[in-house]
Amino acid sequence: FHNIATQKRRVGTIAPKRFITKLKKENELFDNYMQQDAHEFLNYLLNTVSETLIEEKNAERERMMRNGTLRKGTLGTDRGRDEASGSSSKNDTTWIHEIFQGTLTNETRCLCCETVSSKDEDFLDLSVDIDQNASITHCLRVFSETETLCGDQKYFCETCSSKQEAQKRMRIKRLPHMLALHLKRFKYMDQLSRYTKLSYRVLFPLELRLFNVVSSRVTALLFIDCFILFTPFCLCSVSTRQN
């Protein structure tokens with residue numbers, strides 16, 4: 001990544017062999033001839049590049065702050081500078097986040113008092129369950145289906161101060177510019193007491209139309225969303241493995 005970023009050419013490139021050699025040095029997990037999980041590799045690559053960019057940005061900020069102290073003498077102690085740097089670094093974003101990062105909303109509605117709690121979380125890729133002869137659109141629809149929490153899975157409602165039956169769902173609040181989907185090809189089978197590989201056929205279109213949820217409200221029985229049509233996603237690549 002450093003070689004690509006510092007090249008004088010308009011578009012940086014690096015030979016695949018050099019890239020693999022550097023990858024093996026940076027992470028011993030990939031320093032072998034075993035088959036590796038493409039999803040783990042993508043997560044490692046995106047997170048490592050993002051962390052590198054943030055570290056460089058923080059180092060540049062520290063350098064500018066030190067130079068400002070020498071010129072103006074207005075900054076306080078080292079501790080104050082560290083706290084100022086730490087507070088601003090929380091809002092650091094990189095081109096990795098601008099391209100791949102979206103936002104999910106986890107909503108839970110208590111069926112006793114109807115109180116809805118929600119929590120946003122960012123994602124760089126989505127992991128979805130698959131079914132036999134299903135499509136990507138179907139998998140994403142199942143991903144956002146409402147689930148009822150009951151029995152041993154009851155939800156602790158802070159308003160009721162007790163465990164109650166509840167409805168839970170995940171919805172996409174903000175879509176990224178590039179959506180990375182991970183299809184879960186392993187499923188735990190109760191009758192076998194282990195995970196088994198799913199060799200299911202999953203259909204995917206060349207264009208995928210998804211919706212952003214821009215607002216939502218809750219009635220006594222249903223979640224009701226307001227949608228805005230998002231630009232179709234065009235298929236860029238597919239990573240698969242036969243074994």
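Let me start with the aromatic pairs, of which the structure holds 4; please keep in mind throughout that this is a predicted model. A pair of aromatic rings is described by the distance of the centres and the angle of the planes, and those are the two values I will quote.

Take Phe 30 and Tyr 44, whose ring centres lie 5.7 Å apart and whose planes meet at 50°, so that this pair is classed as tilted, the range for that class running between the 30 and 60 degree limits. The pair joins distant parts of the chain, since Phe 30 sits in the loop between helix 2 (16-26) and helix 3 (38-72), while Tyr 44 belongs to helix 3, with 14 residues separating them. Phe 30 has a relative accessibility of 7% and therefore counts as buried. Ring pairs also bring Phe 19 and Phe 41 together with Phe 30 and Tyr 44 in a cluster.

Another of the pairs is that of Tyr 188 and Tyr 195, which is edge-to-face, with 5.3 Å from centre to centre and 70° between the planes. How buried or exposed are these two rings' residues? Tyr 188, at 39% relative accessibility, counts as partly exposed, whereas Tyr 195, with a relative accessible area of 55%, is exposed.

Now to the charged side chains. Side chains of opposite charge can pair when their charged atoms come close, and in this model the count comes to 7 salt bridges.

In one of them, Arg 171 and Glu 107 meet through their side chains at 2.8 Å, N to O. Arg 171 lies in strand 8 and Glu 107 in strand 1 (residues 102-110), so this salt bridge ties together parts of the chain that are 64 residues apart in sequence. As for the surroundings of the two partners, Arg 171 counts as buried at 9% relative accessibility, and Glu 107 is buried as well, with a relative accessible area of 4%.

A further salt bridge joins Glu 114 to Arg 109, with 2.5 Å between the closest N and O atoms. Here the partners fall into separate classes, because Glu 114 has 31% relative accessibility and counts as partly exposed, while Arg 109 has 1% and counts as buried.

The side chains of Lys 173 and Asp 120 also meet in a salt bridge, at 2.8 Å from N to O. This pair, too, links distant parts of the chain, with Lys 173 in strand 8 and Asp 120 in strand 2 (residues 116-123), 53 residues apart. Lys 173 is partly exposed, with a relative accessible area of 39%, and Asp 120 counts as partly exposed at 39% relative accessibility. Coming back to Glu 107 and Arg 171, I would add that salt bridges with shared partners join these two and Arg 169 into one network.

Finally, the nonpolar interior. Which residues of the largest nonpolar core touch the most other members? Out of its 19 residues, they are Leu 104, Leu 126, Leu 140, Leu 179, Leu 208, Leu 210 and Phe 233. Strand 3 (126-129), helix 6 (136-143) and strand 8 (166-174) each supply at least two residues of this core, and helix 6 gives the most, namely 3 residues. If we set aside its neighbours within four places in sequence, Leu 179 is in contact with Phe 123, Leu 126, Leu 210 and Phe 233. There is also a second, separate core of 6 residues, including Leu 46, Val 49, Leu 53 and Phe 100.

Methods. Residues numbered from 1 in each chain as written. Predicted model: local features only at pLDDT ≥ 70, side-chain atom pairs only at ≥ 80, totals over all residues. Heavy atoms only, no water. Core = buried A, V, L, I, M, F, W, Y, C linked by side-chain atoms within 4.5 Å. Buried < 20%, exposed > 50% of the residue type's maximum accessible area, 1.4 Å probe, protein only. Helix = DSSP H or I, 4+ residues; strand = E, 2+ residues; numbered from the N terminus. Contact = heavy atoms within 4.5 Å. Phe/Tyr/Trp six-rings, centres within 6.5 Å; stacked < 30°, edge-to-face > 60°. Salt bridge = Lys/Arg side-chain N within 4 Å of Asp/Glu carboxyl O.
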